[in-house]
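Colleague: Could you go through this model with me? I should like to begin with the ligands and then turn to the salt bridges.

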Amino acid sequence: MNVSIIGSGYVGTTLAACLAELGHTVTAIDVDESVVDRLNAGDAPIHEPGLADLLAEHAGTRLTATTSYDAVRDTDVTFLALPTPSREDGSIDTGLVEQGTESLGAALREKQGSHLVVVKSTVVPGTTADRVAPLLEETSGKRLGEGIDVAMNPEFLREGHAVSDFLDPDKLVFGAEREGPISTLRELYRPLTERGDVPVVETGLREAEMIKYANNAFLATKISLMNELGNICKEYGVDAYEVADAIGLDDRIGSQFLASGVGWGGSCFPKDVAALVAAADAAGYDAGLLKAAVDVNDQQPRRLLALLDDHGDVAGERVAVLGLAFKPGTDDVRESRAIPVIQGLLDRGADVVGYDPVATDRMRQRFPEIEYADSAAAALRGAHAAVVVTDWDEFAALDEEFEAMARPVVVDGRRIVERRDGLTYEGLTW
Ligand SMILES: NC(=O)c1ccc[n+]([C@@H]2O[C@H](COP(=O)([O-])OP(=O)(O)OC[C@H]3O[C@@H](n4cnc5c(N)ncnc54)[C@H](O)[C@@H]3O)[C@@H](O)[C@H]2O)c1
Ligand SMILES: O=c1ccn([C@@H]2O[C@H](COP(=O)(O)OP(=O)(O)O[C@H]3O[C@H](CO)[C@@H](O)[C@H](O)[C@H]3O)[C@@H](O)[C@H]2O)c(=O)[nH]1
């Protein structure tokens with residue numbers, strides 16, 4: 001099948017490389033010329049394991065990139081993989097998806113034959129039917145169901161595992177109001193589904209949109225619930241990790257996403273939970289449980305700093321922040337819990353030194369005023385305290401590096417440090 005993809009970020013590039021791998025001919029369209037140049041050179045614009053190999057194999061043959069929307073006319077299906085950021089009030093901003101739809105519709109005006117437009121971006125229920133579809137009809141001059149149609153196909157990949165999650169998904173969700181778009185999606189994903197072990201959910205547009213939010217809201221709330229339980233555990237001297245291991249044995253609970261600590265960040269959970277809360281508010285429903293999940297998440301960095309405060313004033317003292325990325329395996333610092341932690345330390349007048357194996361450059365753009373070390377050992381040297389924010393494996397192996405601290409106080413927000421001897425060690429929920 002000939003496929004075009006608008007937007008070549010985390011999702012668009014992964015989709016482009018993986019659909020090429022599945023045998024389709026793919027054209028990636030992005031407004032950013034540097035992204036297009038890199039893709040055409042077979043160079044990954046984002047860091048994801050396995051992506052560079054796929055691009056090196058398919059760029060220039062089954063995968064090409066361009067800044068021109070005209071390329072969509074040579075394809076049968078177009079995915080919209082554009083950002084859907086939060087507005088100031090938390091509600092979703094669909095401006096870029098609408099802009100992309102307008103340019104796409106204009107390019108499709110002169111297209112002969114049928115075309116399917118698939119929304120891949122995370123959008124609140126109603127966006128595809130009430131915004132994308134009418135805009136597409138208006139700008140293309142065609143009528144839905146008569147040559148053009150829309151579908152919604154949410155994406156569940158995790159950063160750091162994008163390629164493997166895409167090629168080996170837990171499920172596929174196809175949303176549409178007619179049979180035509182569903183059968184096109186079936187055909188497109190056939191190389192994955194013919195293996196027989198990928199459940200396919202065929203549903204309506206609004207349901208597909210909501211499934212994505214429900215998925216993320218559930219996972220974020222699961223972590224917040226475990227954080228709340230962990231905070232209670234801490235008050236009673238109970239180890240929340242032992243509790244989590246035990247409750248995770250109950251199939252109805254499941255063992256994943258029970259790691260308590262400094263909370264959830266990243267480009268999706270904070271934005272998507274906020275968008276769902278705002279969408280509920282707009283519909284007159286007060287999503288109290290989701291708001292509480294956000295409150296607990298906001299509280300965890302403050303609790304980490306309060307534990308540090310219990311061990312003395314850090315004003316004027318060197319404090320190491322170990323881990324800056326929002327999770328291990330990525331250089332992404334968007335909504336990283338390190339941000340409120342660093343800000344809280346600066347508010348206390350501490351001399352902050354940050355360390356991360358890959359995310360230093362990105363955090364430097366956010367906090368140019370702090371020091372950045374090129375190893376955990378260098379960050380710890382002479383520090384009066386250390387806080388651990390990201391569960392990078394290398395922090396588990398830290399040992400005599402702690403002996404170079406001026407005062408060995410360690411507050412661990414991720415239960416990753418293994419050394420205890422000679423340390424004043426505090427876990428956030430244990
Ligand atoms: N990042 C993830 O892990 C993830 C996972 C699942 C779903 N999503 C959702 O997928 C969507 C895309 O997210 P992302 O992380 O891939 O975004 P991103 O910010 O990484 O990339 C977006 C790309 O779109 C390009 N772009 C912007 N405006 C454009 C336009 N008018 N025409 C063409 N290109 C344009 C940008 O240059 C950029 O390369 C969002 O709705 C997000 O919520 C993201
Ligand atoms: O037990 C856990 C698991 C995760 N986290 C934190 O939760 C955040 C999100 O982690 P993860 O879900 O692994 O990362 P993302 O790449 O943001 O992926 C989420 O967001 C994507 C974008 O919507 C979805 O596609 C994925 O399914 C969904 O897992 C990170 O800060 C983690 O440190 C915890 O605190 N405890």
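Colleague: How far does a polar side-chain atom of Tyr-69 lie from a nitrogen atom of ligand 1?

Modeller: Please bear in mind that this is a predicted model. In it, the distance between that polar side-chain atom of Tyr-69 and a nitrogen atom of ligand 1 is 2.7 Å.

Colleague: And which side chain has an N or O atom 2.6 Å from an oxygen atom of ligand 1?

Modeller: That side chain belongs to Thr-84. Glu-159 also takes part, with a side-chain N or O atom 3.5 Å from a nitrogen atom of ligand 1.

Colleague: How much of the accessible area of ligand 1 does the protein cover?

Modeller: On its own, ligand 1 has 840 Å² of accessible area, and the protein covers 88% of it.

Colleague: Which elements give two or more residues to the shell around ligand 1?

Modeller: They are helix H1 (10-21) and helix H4 (95-108).

Colleague: How many residues surround ligand 1, and which are the closest?

Modeller: The ligand is surrounded by 26 residues, the closest being Val-11, Asp-30, Tyr-69, Thr-84 and Lys-271. By type, the shell around ligand 1 holds 12 nonpolar, 8 polar and 6 charged residues.

Colleague: Why does one say that ligand 1 lies between domain 1 and domain 2?

Modeller: The reason is that residues of the shell around ligand 1 come both from domain 1 (2-203) and from domain 2 (238-429), so the ligand lies between them.

Colleague: Now ligand 2, please. Which residues come nearest to it?

Modeller: Around ligand 2 there are 20 residues, and those that come nearest are Phe-156, Leu-157, Glu-159, Lys-212 and Cys-268. Phe-156 has a polar backbone atom 2.7 Å from an oxygen atom of ligand 2. For Leu-258, a backbone N or O atom lies 3.4 Å from an oxygen atom of the ligand.

Colleague: What about the side chain of Lys-327?

Modeller: An N or O atom in the side chain of Lys-327 is 3.0 Å from an oxygen atom of ligand 2. As for cover, ligand 2 has 700 Å² of accessible area on its own, of which the protein covers 90%.

Colleague: Which helices each supply at least two residues of that shell?

Modeller: Helix H9 (205-235) and helix H11 (269-282) do so. H9 provides the largest share, with 3 residues. In terms of domains, the shell around ligand 2 draws at least three residues from domain 1 (2-203) and at least three from domain 2 (238-429).

Colleague: How do the residues of the shell around ligand 2 divide by type?

Modeller: There are 10 nonpolar, 3 polar and 7 charged residues in the shell around ligand 2.

Colleague: Let us change topic. How many salt bridges does a search of the whole structure find?

Modeller: The search finds 27. One of the salt bridges joins Arg-178 and Asp-149, whose closest N and O atoms are 2.7 Å apart. This pair links distant parts of the chain, 29 residues apart: Arg-178 is in the loop between strand S8 (172-175) and helix H7 (179-188), whereas Asp-149 is in strand S7 (residues 147-152).

Colleague: Is Asp-149 buried or exposed?

Modeller: Asp-149 has a relative accessible area of 9%, so it counts as buried, the limit being under 20%. Arg-178, at 36% relative accessibility, is partly exposed.

Colleague: With which residue does Glu-202 meet in a salt bridge?

Modeller: Its partner is Arg-186, at 2.8 Å from N to O. Glu-202 is in strand S9 (residues 200-203) and Arg-186 in helix H7, so their salt bridge ties together parts 16 residues apart in sequence. Glu-202 is partly exposed at 40% relative accessibility, and Arg-186 is partly exposed at 30%.

Colleague: What joins Arg-190 and Glu-187?

Modeller: Their side chains form a salt bridge of 3.0 Å, N to O. Arg-190 is partly exposed at 38%, and Glu-187 is partly exposed at 39%.

Colleague: Which residues are linked in a network of salt bridges?

Modeller: Glu-159, Asp-332 and Arg-334 are linked in such a network. Glu-159 was named earlier among the residues that come nearest to ligand 2.

Colleague: Finally, where is Thr-78 found?

Modeller: Thr-78 is in strand S4 (residues 77-80). With a relative accessible area of 0%, Thr-78 is buried. Its side chain is joined to that of His-115 by a polar contact of 2.6 Å.

Definitions and conventions
Residues are numbered from 1 along each chain as its sequence is written. Chains are lettered from A and ligands numbered from 1 in the order in which they are written. This is a predicted model: local features need pLDDT of at least 70, side-chain atom pairs count only at pLDDT 80 or more; totals for chains, interfaces and linings use all residues. Side-chain values use heavy atoms; hydrogens and water are left out. A residue is near a molecule or strand if one of its heavy atoms lies within 4 Å of it. A polar contact is a pair of N or O atoms within 3.5 Å; within protein, one must be able to donate a hydrogen and the other to accept it, and residues adjacent in sequence count only if both atoms are side-chain atoms. Accessible areas come from the Shrake-Rupley method with a 1.4 Å probe; for residues, only the protein chains shown count as cover. Helices (H or I, at least four residues) and strands (E, at least two) are DSSP runs, numbered from the N terminus. Ala, Val, Leu, Ile, Met, Phe, Trp, Tyr, Cys and Pro count as nonpolar, Asp, Glu, Lys and Arg as charged, and the others, Gly among them, as polar. Domain bounds come from an automatic or database domain assignment. A salt bridge is a side-chain nitrogen of Lys or Arg within 4 Å of a carboxyl oxygen of Asp or Glu. Buried means under 20% relative accessible area, exposed over 50%, partly exposed in between (1.4 Å probe, protein chains only).
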